Amino acid sequence: MAVLFSPGALAEFQRILGRYPTKRAATLPALHLAQRPIIESRTAIIMEGYTDTIAAHGAGFSNAVATLGTALTADHARSLRRYCDKVILVFDGDEAGQKAS
């Protein structure tokens, strides 16, 4: 299902989101979807971005989560350690991804 926004509606959506800044260092997009599969497999797959994570879930890797960019932090590790024993890092092959891995 696709959702189309008019330019005005999209700008309003972005303005509203801007009121609620996220702490990138602690945010793991898709954790709410991946939590149960991570617990069951005791393994988390950490992707570089949420688009990669969406593709991973579509391909059947339901234990995938994302960092926002290549910054993997201690907060991310603390969030995951109660759910899994093993973490697989999947970052892009570009310079930033190579440096992060």
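Biologist: Which exposed residues are carried by the face of α2 turned away from its buried side?
Modeller: That face carries His 32, Arg 36 and Glu 40, where exposed means over 50% relative accessible area, buried under 20% and partly exposed in between (1.4 Å probe, protein chains only). This is a predicted model, in which local features need pLDDT of at least 70, side-chain atom pairs count only at pLDDT 80 or more, and totals for chains, interfaces and linings use all residues. Residues are numbered from 1 along each chain as its sequence is written, and side-chain values use heavy atoms, with hydrogens and water left out.

Biologist: Why does His 32 count as exposed?
Modeller: His 32 counts as exposed because its relative accessibility is 64%. Its C-alpha atom is separated by 9.0 Å from that of Val 65, which is 33 residues away along the chain.

Biologist: And the other side, which residues of α2 are buried?
Modeller: In α2, which spans residues 31-41, the buried ones are Leu 31, Ala 34, Pro 37 and Ile 38. They lie on the same side of the helix because they cover an arc of only 130° around the axis, the arc being that of the directions from the helix axis to the C-beta atoms. An α-helix has 3.6 residues a turn, so residues three or four places apart point the same way.

Biologist: What do they pack against?
Modeller: The buried residues of α2 pack against β1 (43-47), α3 (50-58), β2 (64-66) and α4 (74-81), with contact meaning heavy atoms within 4.5 Å.

Biologist: Which residues make up the largest nonpolar core?
Modeller: Its ten residues are Leu 28, Leu 31, Ala 34, Ile 38, Ala 44, Ile 46, Val 65, Leu 80, Tyr 83 and Cys 84. Both α2 and β1 supply at least two residues of this core, and α2 gives the most, with three. A nonpolar core is a set of buried Ala, Val, Leu, Ile, Met, Phe, Trp, Tyr and Cys residues joined through side-chain atoms within 4.5 Å.

Biologist: Switching topic, which residues does Ile 46 touch?
Modeller: Leaving out residues up to four places away in sequence, Ile 46 touches Val 65, Thr 67, Leu 72, Leu 80, Val 87, Ile 88, Leu 89 and Val 90.

Biologist: What pattern does the whole protein follow?
Modeller: Along the sequence the pattern reads α-α-β-α-β-α-β-α, which comes to five helices and three strands; helices (H or I, at least four residues) and strands (E, at least two) are DSSP runs, numbered from the N terminus. Of the 101 residues in the protein, 29% are buried.
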